[in-house]
Amino acid sequence: MHELCRERCIDGGVRMKTDEIVVALDFGSTKITTVVASLNSSENNEGGAHYKILGVGTSKSAGLKKGFVSNIDETVNALSESIEEAESNSGAKITSAVIGISGPHIQGLNSSGVAGIKGREVTPVDVKRVIDSASALAIPNDRMPLHVIPQEYKIDGQDEIRDPLGMVGTRLEAKVHIVTASRSAIQNLIRCCHKAGIHSSEIVLQSLATSGLLLSQDEKELGVAVIDIGGGTSDFAIYSAGALVHTGGIALGGTHLTQDLAIGLRTPQNEAEKLKIEKACALKSYIDEGATLEIFPVGGGAPRIIQQKLVGEIVEPRLEEIFNFLKKEILQSGYQDKLGAGLVLTGGATMLPGTQELAERVFDLPIKRSLPTAMEGLDAQFVHPSYSSVLGLVEWVSVQKRGSRMKRKNTNNVMEPVLNAGKQIKSWFTDLV
Ligand SMILES: Nc1ncnc2c1ncn2[C@@H]1O[C@H](COP(=O)(O)OP(=O)(O)OP(=O)(O)O)[C@@H](O)[C@H]1O
Ligand SMILES: [Mg+2]
C-alpha cells in the first residue's frame, strides 16, 4: 500500500528489522509539511514507540486555497521546497508519500447494507460483501470516495457488534461512514505531486488522521468532535459510540483573523500576522486595560499607537463567528447531544490565549486543546497544534501497518473489516485517477 523508500536500515531503541520509511505530506493553506518517519517493524514492541521521526520539512504554502490547488506551478515549487528540506533533514530520498486531504469539499455520509451469511459463521468474505453492499451508492461524477469506515454490525437483528467475524447467524447488516472529496481537488493535488517527482501512495482524510493521533478510545466511545482550526480551513470529525459518524470542513481559519486585523488596523498582512501571534487573545478581557501597541501603517510611515484592547475587539467576534459556523455544522449532524467528551481543538489558530474559554462559551461543551506529544526524533518546534494533522498521517500509516501484521498473525482480527474497506477504496481510487 505505501510504496516507500527503503534505502535505510535504522537501529532504533528496540532492535528493528529492516525498517520501513514512511513519508507524510500535509498541504496546509499556510504551510506544506513533509514528515519522514521510520516505522518500527519489530514484532516484539509492546509498550515501545511504533515509529520515530527522521526529519521534517516545511515551506510557505503557495497556490492553494481552501483545500484546492489554485496554481499548479506555485504549489509544485512550494512542495519541492518542503520535500527537499525533509530529505536533507532525514537523509532519505523521497519518492512516495501518503497525502492528507482536507477542506470544505470533504463530505461524509452514513449508509448501511445487508448480506446473507454464506456458511454457519461470519467470515471475512461475508464482511467484505456487506461492506460492498453498504458502499454501493451513486456517487456523483465530480466526487470521489476516500474512505468507507465500518461503524457497527448487526447479526439477525442483534446490534452494536464491532467485530462480527466468527459469530453465528444468517443475516449480516453493516452501518458505515463514507467520506467523499472533490475529484478535481484530489486530481490536482496528485498532479502537483507527480510534477514534484512524488508518487502518492494513499490519500487520507486529514481529520481522520488527526483523530487517530489525538483522541483516546474512551473519548470516541463517549462521543467527541475533533476540530482542526488551521489557516484557511477548519475541519472536523465527530465520533459517537466509538465510531466515526460525521466529517466535514468550513472555509474559515486563522488567516481570516489576520485579514480582519490588517483591515481593521490598516496595517500590512505580515504586520497583522505578527501582531496576532505576539499580542492577540481570543478574549478581549484577557488584554490589560490601558495597554498600548505600535502599529505600522500600510505603505510605510511612522507607527501609530493604539489601545491593545482594539486587537481583542477585532479577534474575539471573528473567532466567535468561526465557532458559531462550526456549531451549526455540529447541530446539523444531529450529534450535539452525544458529545459526552466534548470537543478537542487543534490546529495553529487554537494557539491564541483564551481560545478554550471562548469555545466553552459558544459550544457549551467541555473543551480540550490538544497537540502532538513529544516523540523520538521530533524537534520541539513541531510539538505544536499546527503539526497534529501531518503527524496524524504518520500515526495513521503506523496503525494500518500494525493492523496488517496482526491480520497476518491472526485472521480473526478486528482490523480485518477496516482493511478490506480500505482496499476497496484504493481500487476505486486507482480506477478513477
Ligand atoms: N502562536 C499563534 N497564535 C495565534 N495564531 C497562530 C499561532 N501559531 C500559528 N497560528 C495561526 O495558525 C494558522 C495556521 O495553522 P495551521 O498550521 O494549522 O494551518 P494549515 O495547516 O497551514 O492550514 P489549513 O489546515 O487551513 O489548510 C495561521 O493562521 C497562523 O497565523
Ligand atoms: Mg492544516
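**Helix 6, the pocket and the cores**

Helix 6 packs its buried residues against helix 7, strand 15 (292-295), strand 16 (304-307) and helix 8 (309-333). In this predicted model, the residues doing that packing are Gly-254, His-256, Leu-257, Thr-258, Leu-261, Ala-262 and Leu-265. The length of the helix checks out too: with 12 residues at 1.5 Å a residue, helix 6 should span 16 Å, and its end C-alpha atoms sit 17 Å apart, which agrees. Just after helix 6 comes Arg-266, with a positive phi near 50 degrees.

Helix 6 also turns up in the largest pocket, where it gives the largest share of the lining, 5 residues. That pocket has a volume of about 1,300 Å³. Its lining runs to 50 residues, and the ones nearest the centre are Ser-29, Thr-30, Gly-231, Gly-232 and Thr-255. By character, the lining splits into 28 polar, 13 nonpolar and 9 charged residues. Elements that each put at least two residues into the lining include strand 1 (20-27), strand 3 (51-60), strand 6 (96-101), helix 4 (206-214) and helix 7 (269-279).

Away from the pocket lining, there is the nonpolar packing to look at. The largest nonpolar core holds 65 residues, and Leu-25, Phe-27, Val-36, Ile-53, Leu-146, Ile-186 and Leu-391 touch the most other members. A second, separate core has 40 residues, among them Val-245, Leu-257, Ala-280 and Ile-330. Leu-257 is also one of the buried residues of helix 6. As for Val-36, once neighbours within four places in sequence are set aside, its contacts include Ile-21, Val-22, Val-23, Ile-53, Leu-54, Ala-86 and Ile-94. Lys-52 and Ser-90 are also among the contacts of Val-36.

Zooming out, the protein has 11 helices and 18 strands. Of its 433 residues, 55% are buried. Counting contacts with a separation of 6 or more, 68% come from residues 24 or more positions apart.

Two backbone oddities round things off. Glu-160, in strand 9 (residues 158-161), has a positive phi of about 60 degrees despite not being a glycine. The residue is exposed, at a relative accessible area of 66%. Ala-241, likewise not a glycine, has a positive phi of about 50 degrees. Ala-241 falls in the loop between strand 13 (234-240) and strand 14 (243-250), and at 45% relative accessibility it counts as partly exposed.

Conventions: Residues are numbered from 1 along each chain as its sequence is written. Chains are lettered from A and ligands numbered from 1 in the order in which they are written. This is a predicted model: local features need pLDDT of at least 70, side-chain atom pairs count only at pLDDT 80 or more; totals for chains, interfaces and linings use all residues. Side-chain values use heavy atoms; hydrogens and water are left out. On a 1 Å grid over the protein atoms alone, a cavity is a set of points where a 1.4 Å probe fits but cannot get out, and a pocket is an open set with protein on both sides within 12 Å along at least five of seven lines; lining residues have an atom within 4 Å of a point. Grid points are joined across faces, edges and corners, and a volume is the space filled by probe spheres set on the points. Helices (H or I, at least four residues) and strands (E, at least two) are DSSP runs, numbered from the N terminus. Ala, Val, Leu, Ile, Met, Phe, Trp, Tyr, Cys and Pro count as nonpolar, Asp, Glu, Lys and Arg as charged, and the others, Gly among them, as polar. A nonpolar core is a set of buried Ala, Val, Leu, Ile, Met, Phe, Trp, Tyr and Cys residues joined through side-chain atoms within 4.5 Å. Buried means under 20% relative accessible area, exposed over 50%, partly exposed in between (1.4 Å probe, protein chains only). Contact means heavy atoms within 4.5 Å. The expected span of a helix is 1.5 Å times one less than its number of residues.
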